[in-house]
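This briefing sets out selected local features of one chain, grouped by topic. Please read it alongside the sequence and the coordinates.

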Amino acid sequence: MKKTVAEIKDRDIVDAVFLVKEKIVAMAKNGKPYLTLKLMDKTGEVDAKIWDNADQVGSLFDRNDFLAVKGKASVYLGKMQLIVSELKRVPEESVVLADFLPETDNDIKGMEAELHALIAGMADQDLARLLRSFFEDPELMAQYRTAPAAKGMHHVYLGGLLEHSLAVARLADAMVPLYQGLNRDLLVAGALLHDIGKVREMTYLRCFDYSDEGKLLGHITIGVEMLHERIAKLPNFPDELAMLLKHMILSHHGQYEYGSPKRPKTLEATILNYLDDLDSKINGIRTHIRKEPDNPSRWTAYHRLYDRYFFKEKPVVAEGEGGTDLEPSELVAETVIAPAPPSPAHRPEAAPQQRQEQRQEQRQEQRQEQRQDQRERKNFSNNPFAILKK
């Protein structure tokens, strides 16, 4: 009966331990609170609902806690969710943390070897010794190979920062033969260092989040500070080379509204901006598609930041299963109550009127999410030339 997130199918009875990524208390139209959770393990994430006794149950655990959860799975609006019937907080010492955090599919040691090979192949010895000062530092390298590249948009897994940085460096290397006069070593150094500040911006020993330093300064500012500190310790490092590399870090988000203090003003900085965006979007779209193994449609759910649906090459339908003619609200499993440990027990099925109220709350929650999507889209654009139209 125990399930990982990736193994959960519609109508499954789930009995497993998960890490609490999100915990939100919402209010029903009748004034009654309920809990919305996002549970995770290393295979993925799943939404969960606790409809009754929200105050009492919510006091038993916090975000980043481990929970032994029992419940029933159902597909709602193309996404899997759990209706929790029982839960119990699990002590940290009784779990293996590696079972709950997603990690890169690539070999970490292999990626490290590729990184050091890129440095060894540099003709510019000033850039080579700068990169060695970063990546031959055992403490920093341990952070660099472990950190995710982001909290939610792309490469959201352990090893994601190293994987993303190497991918951008490979793209940069591939660009050099196509355009005469590019500074290959500067491009590769910029690719490997553009997100270096994320080793301090992010926290990743439990759920991925931002550190206080990350929230107050951001990875671009942190990265320039780290670069300045390393260069200050290298004798006779060229001032102009330091300036160009700092500019690449400062401008790699491309536009002011995307968080860049400066816009790219060199060829290498411009190329880095587009290659960084390209790799992050490819990974983000692939991740979005993979999140919906139970959605039989050839189109994904709406992606609010990209402001579109994505077409899937092949529909994701489990063997022997087909679609359903039921309305999304009718796919919700019967209402159950999560009682307080230590003696949890199943509660009787909710009355029809109560189920109807819960369906109404789900519809209201969906409308709220749509309104939030519309607000967020105003602050996001995929068109790098949009600013020219203003």
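Strand 1 (residues 13-27) pairs with strand 4 in the antiparallel sense, over seven bridges. The model is predicted. Strand 4 spans residues 66-76 and is also joined to strand 5 (residues 79-90), again in an antiparallel arrangement, by eleven bridges.

**Strand 4 and its partners**

- On the side of strand 1, V17 has A68 of strand 4 as its bridge partner.
- On the side of strand 5, the residue opposite A73 is L82.
- Strand 4 is mostly covered, with eight of its eleven residues buried.
- In a regular strand, side chains alternate between the two faces of the sheet.
- Strand 4 and strand 5 form a hairpin with two residues between the strands. In this hairpin, L77 adopts a positive phi near 55°.

**Positive phi in loops**

- N53 is a residue other than glycine with a positive phi, near 55°. The loop that holds N53 lies between strand 3 (44-50) and helix 1 (54-58).
- Is N53 buried, exposed or partly exposed? N53 counts as partly exposed because its relative accessibility is 28%, which falls between the cut-offs of 20% and 50%.
- H155, likewise a residue other than glycine, has a positive phi near 50°. The position of H155 is in the loop between helix 4 (138-146) and helix 5 (160-175).
- The relative accessible area of H155 is 2%, so H155 is buried; the cut-off for that class is under 20%.

**The surroundings of H288**

- H288 belongs to helix 11, which covers residues 267-290.
- The relative accessibility of H288 is 13%, and H288 therefore counts as buried.
- Which residues does H288 contact, leaving aside its neighbours within four places in sequence? The residues in contact are T300, A301, Y302, H303 and F310.
- With A301 there is also an approach to the backbone: the side chain of H288 reaches the backbone oxygen of A301 at 2.9 Å.

**Points to retain**

- Strand 4 pairs with strand 1 over seven bridges and with strand 5 over eleven.
- Positive phi values are found at L77 in the hairpin, at N53 and at H155.
- Both H155 and H288 are buried, whereas N53 is partly exposed.

Conventions. Residues numbered from 1 in each chain as written. Predicted model: local features only at pLDDT ≥ 70, side-chain atom pairs only at ≥ 80, totals over all residues. Heavy atoms only, no water. Buried < 20%, exposed > 50% of the residue type's maximum accessible area, 1.4 Å probe, protein only. Helix = DSSP H or I, 4+ residues; strand = E, 2+ residues; numbered from the N terminus. Pairing = 2+ DSSP bridges. Polar contact = N/O pair within 3.5 Å; in protein donor to acceptor, adjacent residues only side chain to side chain. Contact = heavy atoms within 4.5 Å.
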